[in-house]
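Biologist: I would like to learn how to read strand pairing and helix packing from a model. Could we take the features in turn?

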Amino acid sequence: MGAWSARHRKTAVFGWLLFVVLATFLGGLHGSTQVDEAEAMPGQVSRAAEILDRAGLKSPSTETVLIQSTDRTADAPAFRAVVDQVIAGVNGTGKATDVRSPYDTRAVSADGRSALVQLTVRGDHEEATANVGAVVDAVAAVQKQHPDLTVVELGDASSGKWMDEQFADDFARAEWTAVPLALGILLVAFGALVAAVLPVLLAITAFVAAGGLVALSSGILHTSNSASSVMLLVGLAVGVDYCLFYLRREREERAAGRDLDTSLRIAAATSGRAVLVSGVTVVIAMAGMFLTGIAEFKAMAYATIVVVVTAVLGSLTVLPALLSMLGDRVDKGRVPFLHRLRRPDAATGGGRFWNAVLTPVLRRPLAAAALSGAVLIGLAAPLLTMHTANLTFQQQLPKGNELVAVSQKIEAAFPGSPAPASVVIRATDIDSPAMTAAIADLQARALASGRMHGPVDVTVHPEQNVATVDIPLNGSGNDEVSNAALRTLREDLVPATVLAVPGTEAPVTGRTAGSYDFNAKMTGSIPVVFGFVVAFAFLLMLTSFRSLAVAGTAVVLNLLSVGAAYGVLTLVFQHGVGASLLGTAGVGAVESWVPLFLFVILFGLSMDYHVFVVSRIKEGRDRGLPTRVAIAHGIRSTAGVVTSAAVIMVAVFAVFGTLSMQAMKQMGVGLAVAVLIDATIIRAVLLPSVMTLLDERNWYLPRWLAWLPDFSHGESVPPLGAGAPPAPAAGTATGHGTGTGTGTGTDEPRVPQARHRRIGV
């Protein structure tokens with residue numbers, strides 16, 4: 001692919017541009033089909049949504065207006081006048097239906113100083129989100145006229161509107177922050193503007209094209225806003241990294257004195273292969289998310305797979321074409337200070353920092369392995385206390401948010417979950433005496449249980465033979481109190497009442513039910529997904545490196561990295577340790593989907609570094625270096641590019657840790673911490689120490705596996721042309737972070753002269 005692209009560079013470059021433009025245009029023309037509620041949630045929640053959809057009913061967007069006084073009760077004439085004013089103002093907008101007075105629903109607090117006006121915003125979710133602004137303005141007008149009272153609104157539509165707007169703002173901020181960060185880091189890494197811009201441009205075009213492809217196919221596999229965020233997050237990180245791997249190897253070979261064509265062929269045969277294996281690993285890992293059966297996860301997995309495949313395709317085709325066009329002009333736009341900063345240091349063969357780390361590790365590998373392993377296990381320890389849940393509205397939003405304050409006021413005046421459980425009843429005759437009596441019995445038993453409270457709202461749709469019974473649950477909405485109330489409702493009350501009527505179906509839905517069902521589904525699917533990802537990653541490493549030890553080591557090290565990230569995530573976001581440094585607080589739980597998502601993403605992304613580093617080690621070993629020397633050679637020669645790639649990934653992921661939504665924060669911080677651990681403790685200490693301890697056993701392959709295909713990592717490097725300066729063996733680490741220069745590194749003897757002809761140096 002690299003050779004063809006270099007020979008047909010105009011075709012490759014303009015073909016890529018045409019592909020990006022067409023994918024973007026067709027995707028925009030088609031539009032995105034979003035995951036709906038029936039798909040998004042498993043269990044009874046999904047079934048309830050299906051019943052409502054088939055009946056032509058949409059889950060209503062309910063709103064609540066709190067009227068609260070500090071010195072008068074709801075019976076006072078002045079208080080009643082404000083309630084009437086709110087009802088009149090809301091009705092006057094024409095955007096609300098079923099506006100109910102607290103004097104009819106008895107939605108008055110125990111102390112008599114708070115009351116709730118309940119209403120439904122017209123339209124489905126999207127229409128209600130657009131319509132709710134008029135209702136919010138009407139309520140705000142009443143509040144302005146009565147500053148001595150609290151008149152505030154909260155509900156599905158108003159909170160949805162805020163979250164949609166905030167999501168769009170956060171997404172835009174992530175784009176405008178992550179891209180300049182990546183560019184700045186690459187500028188430091190290369191010291192030249194053109195070389196720094198290339199990976200960023202290719203990553204952005206890959207993301208744009210992938211976005212178009214995902215939209216174009218969303219009619220078949222629905223997408224979501226979360227999938228778009230993940231696609232940006234992963235696409236920018238892997239797109240830049242893959243180009244960085246390829247470009248640095250090409251520059252290294254040019255610095256060693258090889259001509260442009262030879263340098264491109266070597267880069268394609270080494271870094272290009274590493275990029276391909278890394279990309280396939282990420283795709284396999286993300287494919288595991290399809291096994292959850294959850295539409296949101298399928299959308300994330302598909303979007304990530306598309307952007308990774310697109311990034312790999314760009315790195316293996318348009319990048320070598322552009323490098324062939326530019327030649328040594330890729331180093332144009334040098335920044336003097338930065339360029340001097342990254343000059344190779346032949347004396348240290350990989351940089352003083354990496355020598356300082358690697359030398360004691362290789363000298364005492366057992367102690368290094370034990371110490372680094374203990375650190376990782378210590379970081380992973382809080383994982384044992386991890387509690388996952390679908391975070392409530394209050395937990396998701398930033399501390400001090402206005403909507404959170406309103407929610408807290410409502411909950412203080414009316415203790416219990418602000419989001420009721422909804423029993424969706426489908427019967428053969430919803431108006432039959434038996435069903436009417438059963439619904440009344442359900443209401444009475446719910447209030448008598450002590451685990452639920454009023455007001456209980458019943459809405460009957462006689463034409464569709466469907467009814468909904470909304471019952472507020474005790475608890476915060478996703479704690480054990482709420483879960484116990486939900487189980488009582490589902491397992492005891494509903495079967496004993498409405499389900500006792502023949503021909504009746506009555507799934508229970510709502511926020512608590514959604515969190516409960518989602519967690520149950522996740523718990524059941526996690527072993528399957530973990531097993532799938534681990535097994536296929538092991539097989540891929542085994543096939544790529546033809547070594548049981550390399551494959552097993554890759555899996556174990558990645559599991560340690562993921563475990564440490566889980567521990568840090570639990571410590572910060574569940575227990576609140578250091579959370580204030582991130583502008584957040586411990587919320588008592590980790591978002592349900594984050595652990596599984598982090599596992600598949602991290603297992604894929606950490607293979608970037610593993611494949612890249614071990615490929616270089618294998619390359620040195622295939623060319624005659626002893627294993628211990630090849631390990632030092634591989635680590636030192638990849639130190640600079642791994643450092644640059646890790647810094648870029650950490651920076652991009654950390655941007656998401658600064659966003660408003662708690663789930664995005666957890667995802668960003670989890671990924672950033674994991675990559676940081678992976679690029680430092682794992683790659684700089686644990687990997688070289690373990691491989692040094694294994695020594696020649698690293699390359700063990702049983703005879704019964706000899707049939708595996710041999711994807712050699714040590715292809716011959718063509719000799720330098722006449723008059724060219726002498727160069728060390730291909731890939732020998734000699735420079736500061738780049739592996740270029742004239743030295744061979746402190747622990748790396750030159751390949752014996754007698755072997756030069758055979759290995760092609």
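Modeller: Begin with pairing: two strands pair if DSSP finds at least two bridges between them. This is a predicted model. In it, strand 2 and strand 3 (residues 114-121) are antiparallel partners joined by 3 bridges. Within that pair, Ala 96 is placed opposite Val 121 of strand 3.

Biologist: What is the strand order of the open sheet that contains strand 2 and strand 3?

Modeller: The order is 2-3-1-4, in an open sheet of 4 strands with antiparallel pairing. Its edges are strand 2 (96-100) and strand 4 (150-155), each of which pairs on one side only. On average, neighbouring strands in this sheet are turned by 20° against each other, direction ignored.

Biologist: Which strands does helix 7 lie across?

Modeller: Helix 7 (residues 125-145) lies across strand 1 (61-68), strand 2, strand 3 and strand 4. Its angle to strand 4 is about 175°.

Biologist: Now the sheet with the order 7-8-6-9. Which strands stand at its edges?

Modeller: This one is also described as an open sheet of 4 strands, and its pairing is antiparallel. Strand 7 (457-461) and strand 9 (508-509) each have a single partner strand, so one side of each has no neighbour in the sheet.

Biologist: How many bridges join strand 7 to strand 8?

Modeller: There are 5 bridges between strand 7 and strand 8 (residues 466-471), and the two run antiparallel. The register can be followed residue by residue. His 461 has Val 466 as its bridge partner in strand 8, Val 458 stands opposite Val 469, and Thr 459 is bridged to Thr 468.

Biologist: What links the two strands?

Modeller: Strand 7 and strand 8 form a hairpin, with 4 residues between them. In the turn, Asn 465 has a positive phi of about 55°.

Biologist: And what does strand 8 pair with on its other side?

Modeller: Strand 6 pairs with strand 8 in the antiparallel sense, over 6 bridges. There, Val 424 stands opposite Thr 468 in strand 8.

Biologist: How many residues of strand 8 are buried?

Modeller: A residue is called buried when its relative accessible area is under 20%. In strand 8 that applies to 5 of the 6 residues, so the strand is largely enclosed by the rest of the structure. Helix 4 (residues 43-54) lies across strand 6 (421-426), strand 8 and strand 9. Helix 4 runs at about 50° to strand 6.

Biologist: Next, helix packing. How do I turn a crossing angle into a description?

Modeller: Angles under 35 degrees count as roughly parallel, and those over 145 as roughly antiparallel. The axes of helix 8 (residues 156-190) and helix 24 (residues 627-656) come within 9 Å and cross at roughly 165°. That makes helix 8 roughly antiparallel to helix 24. The crossing is right-handed.

Biologist: Which residues meet there?

Modeller: From helix 8, they include Ala 174, Thr 177, Leu 181 and Ile 185; from helix 24, they include Ser 644, Val 647, Ala 651 and Phe 656. By class, this contact has 13 nonpolar, 2 polar and no charged residues.

Biologist: At what angle do helix 8 and helix 10 pack?

Modeller: The angle with helix 10 (residues 225-255) is about 10°, and the axes are 11 Å apart. Helix 8 and helix 10 are therefore roughly parallel. Among the residues that meet are Phe 167, Phe 171 and Glu 175 in helix 8, with Leu 232, Leu 236 and Arg 248 among those in helix 10. The contact divides into 13 nonpolar, 4 polar and 2 charged residues.

Biologist: Last, a contact between residues distant in sequence. What does Val 685 touch, leaving out residues up to four places away in sequence?

Modeller: Val 685 is in helix 25 (residues 662-694). With that exclusion, Val 685 touches Val 357, Val 361, Ala 368, Ser 372 and Thr 680. Val 361 is 324 residues from Val 685 along the chain, yet their C-alpha atoms are separated by 6.3 Å.

Terms used:
Residues numbered from 1 in each chain as written. Predicted model: local features only at pLDDT ≥ 70, side-chain atom pairs only at ≥ 80, totals over all residues. Heavy atoms only, no water. Axes fitted to C-alpha atoms, helices over the stretch in contact; angles between N-to-C directions. Parallel < 35°, antiparallel > 145°, perpendicular 65-115°, else oblique. Left-handed = near helix turned anticlockwise from the far one by under 90°. Contact = heavy atoms within 4.5 Å. Nonpolar A, V, L, I, M, F, W, Y, C, P; charged D, E, K, R; others polar. Buried < 20%, exposed > 50% of the residue type's maximum accessible area, 1.4 Å probe, protein only.
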